[in-house]
Each structure stands twice: as C-alpha cells, then as structure tokens.
Amino acid sequence: MSNHTSDTLYVEGLSKTYGEGSTAHEVLSDVSLEVHPQELVSLVGPSGAGKTTLLRCLSGLLEPTSGRVRLGDRPVSKPIEDIAVVFQDYRGSLMPWMRVAENVTFPLQGKGVAKAERDHRAQEALEAVGLGDAGNKYPWQLSGGMQQRVAIARGLAYEAPILLMDEPFGSVDAQTRFDLEDLTLRLRRELGITIVLVTHDIDEAVYMADRVVVLGGRPTRVLETIDVGLGDDRDQIGTKENHLFAELRSHVLNQVRHNPAI
Ligand SMILES: Nc1ncnc2c1ncn2[C@@H]1O[C@H](COP(=O)(O)OP(=O)(O)O)[C@@H](O)[C@H]1O
Ligand SMILES: [Mg+2]
C-alpha cells in the first residue's frame with residue numbers, strides 16, 4: 001500500500017452549535033489545533049464532549065458554525081480523498097449484506113477506482129490487519145474485534161495520507177483492544193500515515209500518541225496540548241510501567257476531572 005505524505009491539518013477557531021434559538025446548544029467553542037504529517041494526535045475528552053462532532057468537522061462531513069478546517073492551504077469543507085475515516089461504531093458502519101471484501105472496497109467505488117485495483121487494495125488491507133482469509137465472509141460471521149479490524153482495513157484501503165479514527169477500539173475486550181492499538185501503531189509506521197485518534201480512554205490516548213489534545217469544559221474547548229515524550233517504540237507493559245506514562249495519565253485525568261463536560 002502506498003500513502004503519500006500530506007500537508008499539516010489545521011483547525012482554526014472552530015465552534016459548533018446544534019439547533020437554533022431557544023434549543024441552541026453550543027458543543028464546541030473556539031477549538032484550534034494542528035496535526036502535522038505523520039503525527040499521531042489523540043483527542044481525548046469525556047463522552048458527550050463533542051469529539052465525534054469535531055472529527056466530523058475534520059473530515060469535511062459536518063460544517064462548523066464558525067471557524068474552519070484546512071489541509072495545507074486547501075479548505076476542508078466537504079469530504080476529500082486525502083482523509084479517510086474509521087467511524088465510531090463498526091456495527092453501524094459495516095453493511096451486513098455485503099461480504100467483508102465489498103465492505104472494504106465500496107468507498108473506493110465513489111473514488112472512481114477500477115474494480116481490479118479495488119479488489120487488490122482490499123486484499124492488501126485485509127492482510128495488513130491479519131484478515132487475509134476473511135474477504136468472502138459476512139461481517140456477522142466474525143467476532144467484534146475482527147469486525148473492527150475490517151473497519152480499520154476499509155480506512156487503510158482508501159490510501160489516504162490522513163486517517164481519522166473515532167473510538168475505533170470500543171466494545172471489544174481488553175486484550176483485543178491492546179492488539180488493535182498495537183496494530184494501528186505498526187501500520188501507521190509502515191505506511192507513514194497521519195492519524196487523529198479520538199478516544200475517551202486516557203490510557204489509550206497517552207499510549208498511542210505523539211501529542212494529546214485534552215478537550216473539556218462547557219462548551220468544550222482545548223484545555224491543553226501535551227507532548228508525549230515516550231519515544232517511538234511502545235509496548236503495552238513496558239510503556240505503561242514507565243513513570244513518565246503514569247505522570248502523563250494523571251495529568252490528563254486531573255484536567256478532565258476538573259473541567260467536566262455536560
Ligand atoms: N446531530 C446532532 N444534533 C443535535 N445534537 C447533537 C448532534 N450530534 C451530537 N449532538 C450533541 O452534541 C454533544 C456532543 O456529541 P458528540 O460529538 O457525539 O460527543 P462525543 O463524541 O464526545 O461523545 C452531545 O450533547 C450530543 O447530544
Ligand atoms: Mg463520539
């Protein structure tokens with residue numbers, strides 16, 4: 001698989017209000033952040049903070065109320081080919097009547113990729129997530145963890161330099177979650193992609209990231225951006241035993257606790 005390097009992704013003064021008049025609800029207020037090429041940035045905040053809202057704005061699927069998103073000097077005001085998304089709920093995003101391979105390839109149809117190339121990319125992406133034999137199965141024949149790997153494969157097959165992931169490891173057991181986290185770190189390195197990972201899990205945010213953007217408050221804003229100086233080689237036991245990891249997670253936890261959303 002090939003993924004070319006992208007420009008920096010900028011979020012500038014982004015606010016989002018749902019509804020109007022007396023039912024208006026300002027979810028995000030003046031959020032600014034940057035994601036550099038090949039970085040992994042975690043966006044962490046409590047449930048209901050507006051993480052999915054922010055990610056949808058980053059992908060061009062949702063229009064902010066004010067502020068903007070741009071990739072280099074190009075505005076992201078609709079979905080673009082440079083940005084792939086792994087949605088929050090794989091159960092809602094995999095089509096039960098489509099085989100696994102078709103689930104991986106169907107976004108490529110919209111991108112105008114020819115059938116032979118689509119099939120080739122699907123197989124490569126499924127192999128990358130350890131599901132090279134599952135293309136002919138239906139999603140419901142796979143475990144939850146495998147279905148999440150299919151959703152990740154679909155994001156990879158799109159061959160976008162930027163992958164936005166919305167709580168992609170939710171609703172699986174802890175061991176599967178750790179495996180999926182490490183799989184993502186490995187693929188990210190191999191493919192040189194930029195990843196924005198949305199999560200409410202503070203350990204996961206720190207473990208995965210080069211930088212953590214802490215979201216909180218009411219309405220939600222950026223509370224802090226933290227450089228995670230844990231190096232490139234992470235492992236589930238060693239990294240999490242590191243005193244720096246413990247300090248970072250306590251720091252983020254305190255921020256989130258003292259600035260609750262909702
Ligand atoms: N389409 C929508 N219309 C109205 N309110 C919404 C919509 N989507 C999300 N919300 C509200 O915005 C807030 C943030 O939601 P969301 O972005 O899903 O948060 P998170 O992903 O952090 O859990 C919640 O209060 C939610 O109810
Ligand atoms: Mg969400």
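**A walk from F169 through a predicted two-domain model**

Leaving aside neighbours within four places in sequence, F169 is in contact with Q148, R177, L180 and E181. The model is predicted. F169 sits in the loop between β7 (162-166) and α6 (174-191). Is F169 buried or exposed? F169 is buried, because 25 other C-beta atoms lie within 10 Å and the cut-off for burial is 20 or more. V206 is 37 residues from F169 in sequence. In space the two are 15 Å apart, C-alpha to C-alpha.

Now the division of the chain. Domain 1 takes in 1-82 + 164-262, and domain 2 covers 94-159. Domain 1 is thus written as two segments. Between the domain centres, taken over C-alpha atoms, the separation is 24 Å. How many residues of each domain are in contact with the other? The count is 13 residues of domain 1 and 13 residues of domain 2. On the side of domain 1 that touches domain 2, seven residues are nonpolar, five are polar and one is charged.

Within 94-159, the stretch assigned to domain 2, take helix α3 (residues 100-110). Its buried residues are V100, A101, N103, V104, T105 and L108. An α-helix has 3.6 residues a turn, so residues three or four places apart point the same way. Among the elements that cover the buried residues of α3 are α4 (115-128) and α5. After α3 comes G112, with a positive phi near 80°.

Another positive phi belongs to E159. Its value is near 55°, and E159 is not a glycine. E159 lies in the loop between α5 (144-157) and β7. E159 counts as buried because it has 21 C-beta neighbours inside 10 Å.

Next, strand β3 (residues 40-44). Five of its five residues are buried. In a regular strand the side chains alternate between the two faces of the sheet. Which residues of β3 lie on each side? L40, S42 and V44 are on one side, and V41 and L43 are on the other. Both faces are covered, and all of these residues are buried.

The partners of β3 come next. Strands of a sheet pair through backbone hydrogen bonds, either parallel or antiparallel. β3 runs parallel to strand β8 (residues 194-199), and five bridges join the two. V44 has T199 as its bridge partner in β8. β3 also runs parallel to strand β9 (residues 211-216), with four bridges. There, S42 is bridged to V212.

Past β9 there is a cis peptide bond. It joins R218 and P219, with omega about -5°. P219 is in the loop between β9 and β10 (221-227).

A second set of strands forms an open sheet. What is the order of its four strands? The order is β2-β1-β4-β5, and the pairing is antiparallel. β2 (25-35) and β5 (74-75) stand at the edges. Each has a single partner strand, so one side of each is left without a neighbour in the sheet. At the β5 end, two bridges join β5 to strand β4 (residues 66-71), and the two run antiparallel. L71 pairs with R74 in β5.

The edge strand β2 also holds D30. The phi of D30 is near 55°, a positive value in a residue other than glycine. Is D30 buried or partly exposed? D30 is partly exposed, because 14 other C-beta atoms lie within 10 Å and burial needs 20 or more.

Helix α1 links this sheet to the ligand site. α1 lies across β1 (9-18), β2 and β4. It runs at about 125° to β1. Which residues surround ligand 1? They are Y18, V27, G45, S47, G48, A49, G50, K51, T52 and T53. Three of them come from helix α1 (residues 51-58), which gives the largest share of the shell. By class, the shell has three nonpolar, six polar and one charged residues.

Notes. Residues numbered from 1 in each chain as written. Chains lettered and ligands numbered in written order. Predicted model: local features only at pLDDT ≥ 70, side-chain atom pairs only at ≥ 80, totals over all residues. Near = placed C-beta within 6 Å. Nonpolar A, V, L, I, M, F, W, Y, C, P; charged D, E, K, R; others polar. Domains from an automatic or database assignment. Contact = placed C-beta atoms within 7 Å. Buried ≥ 20, exposed ≤ 12 C-beta atoms within 10 Å, placed from the backbone. Pairing = 2+ DSSP bridges. Axes fitted to C-alpha atoms, helices over the stretch in contact; angles between N-to-C directions.
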